[in-house]
Amino acid sequence: GSSSARTSGSGSGYLSEILNGSTSALQHQHAAVALQQQQQHHQHSSQLASPGGLMSSSSCSSVVSLVPAAPASSGSSSIVVGAGKGGGGGGQSPSSAAAAAAAAAAVAATLLCNPSVHVYPIYFFSVEINGQPFGRILIEVRNDVAPKMAKNFGALCTGELGFGYKGCSIFQCWENESIITGDFELNNGRGGRSVFEEGFFMPDDTKILAIRGSVGMRRSQKRHDNMGLVGSQFRIILREMRGFTGIFAFVVEGLDLVEKISQAGDSAGKPQSTVLIANCGKWQ
């Protein structure tokens, strides 16, 4: 009996030791797991945050690259962050290059399609027929290829030297072909002069074709002038004139008005109505 009791006693003691040991082992295991989780959390936090509060992990660069960069202001620099691993260095991103190209195309389209956008100087002519306002003609002058003719024409338009086109009559009208004016002295095609000291000058060799809407200086009608000098008279052309040179400008508004004026001439080109340049000057 006593042997059985001892065995039983030692068994129960052994069982309690096993149970106590299992409990300690479980406690140690839980503590180890908690420590491991704490270390993992600390490591994850250190990867997500840098001392400056910015994301410093390489895996975060792809997130940063998804944010569209704001346009760089004047005097400031812009930083392009590469996406993903090995996302590399400087240079313009494809999206920025596409945006720049689109902006350039928009500017070009504006210059080509907007009639209010002009590069060269423009002069206006307010026309009267028999004392009644009839409309306005705008002429754009190519001062890049015809500097001397442009200077002469501009000064005569503004009247800055005390004489010019204001008050001139349109003394020749050929229906659907051309009109001629600019003789501020005689108003018959035999007068007028340039603003230069010599009075008449050789026109710039522009090589611009005399087509519909073009404007050219008329050759001097002085006797014994075989050099082709020009003074103040000019012609607005309504149809191609291959033998006419000295083109330096184009009508950008009022070509329909020029057509109506051209119809006022008789078979000899003499207008049957009084057509005057009531006012003129620089428009733009």
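## Close-up views of a predicted model

**Figure 1. Aromatic rings pair up in this chain.** Taking rings of Phe, Tyr and Trp whose centres lie within 6.5 Å, the count comes to 10 aromatic pairs. One of these pairs is Phe153 with Phe248: the ring centres are 5.1 Å apart and the planes meet at 65°, so the pair is edge-to-face, given that planes over 60 degrees apart count that way. Phe153 belongs to helix α4 (residues 147-158) and Phe248 to strand β7 (residues 247-253), so this pair ties together parts that lie 95 residues apart in sequence. Both Phe153 and Phe248 are buried. Please keep in mind throughout that the model is predicted.

**Figure 2. Tyr165 meets Phe234 edge-to-face.** Here the ring centres of Tyr165 and Phe234 are 5.1 Å apart and their planes are at 65°, so this pair too is edge-to-face. Tyr165 sits in the loop between α4 and β3, while Phe234 is part of strand β6 (residues 230-237), so the pair joins parts separated by 69 residues in sequence. Are these two residues buried or exposed? Tyr165 has a relative accessible area of 0% and is buried; Phe234, at 1%, also counts as buried. Stepping back from the single pair, ring pairs link Tyr123, Phe125, Phe153, Tyr165, Phe234 and Phe248 into a cluster.

**Figure 3. Charged side chains lie over aromatic faces.** Which residue lies over the face of Phe196? That is Lys148, at 5.2 Å from the ring centre. In another such arrangement, Arg193 lies over the face of Phe163, at 4.3 Å from the ring centre.

**Figure 4. Ser214 is a buried residue in strand β5.** Strand β5 spans residues 214-219 and includes Ser214. With a relative accessibility of 0%, Ser214 counts as buried, because the cut-off for that class is under 20%. What does the side chain of Ser214 reach at 2.5 Å? Its partner is the backbone oxygen of Ile211. Setting aside residues up to four places away in sequence, Ser214 touches Leu209, Arg235, Ile236, Ile237, Ile247, Ala249 and Phe250.

**Figure 5. Glu177 sits in a loop between two strands.** The loop in question runs between β3 (172-174) and β4 (178-181). Beyond residues up to four places away in sequence, the residues that Glu177 touches are Arg235, Ile236, Ile237, Leu238, Arg239 and Met241. Glu259 makes a good landmark for this view: from C-alpha to C-alpha, it is 8.4 Å from Glu177 in space, with their positions 82 residues apart in sequence.

**Figure 6. Helix α5 has its buried residues on the same side.** In α5 (residues 255-262), the buried residues are Leu255, Leu257, Val258, Ile261 and Ser262. Around the helix axis they cover an arc of only 150°, which places them on the same side of α5. As helpful background, an α-helix has 3.6 residues a turn, so residues three or four places apart point the same way.

**Figure 7. Two asparagines have a positive phi.** What is the phi of Asn130? The angle is near 55°, a positive value in a residue other than glycine. Asn130 is in the loop between β1 (122-129) and β2 (132-141), and it is partly exposed, with a relative accessible area of 49%. Asn187 likewise has a phi near 55°, again positive in a residue other than glycine. Its place is the loop between β4 and β5, where Asn187 is partly exposed at 29% relative accessible area.

**Figure 8. Asn188 contacts Phe171 and Asp183.** Asn188 is found in the loop between β4 and β5. Apart from neighbours within four places in sequence, its contacts are with Phe171 and Asp183. The C-alpha atoms of Asn188 and Ser169 are separated by 8.5 Å, and the two residues are 19 apart along the chain. With 45% relative accessibility, Asn188 counts as partly exposed.

**Figure 9. The whole chain gives context for the close-ups.** The protein chain contains 5 helices and 8 strands, arranged along the sequence as α-α-α-β-β-α-β-β-β-β-β-α-β. Its 284 residues include 33% that count as buried. Among contacts with a separation of 6 or more, 65% involve residues 24 or more positions apart. The chain exposes about 17,500 Å², of which carbon and sulfur atoms supply 55%.

Note on methods. Residues numbered from 1 in each chain as written. Predicted model: local features only at pLDDT ≥ 70, side-chain atom pairs only at ≥ 80, totals over all residues. Heavy atoms only, no water. Helix = DSSP H or I, 4+ residues; strand = E, 2+ residues; numbered from the N terminus. Buried < 20%, exposed > 50% of the residue type's maximum accessible area, 1.4 Å probe, protein only. Polar contact = N/O pair within 3.5 Å; in protein donor to acceptor, adjacent residues only side chain to side chain. Contact = heavy atoms within 4.5 Å. Areas by Shrake-Rupley, 256 points an atom, 1.4 Å probe, with all protein chains shown as cover. Arc of directions from axis to C-beta. Phe/Tyr/Trp six-rings, centres within 6.5 Å; stacked < 30°, edge-to-face > 60°. Lys NZ or Arg CZ within 6 Å of the ring centre and 35° of its normal.
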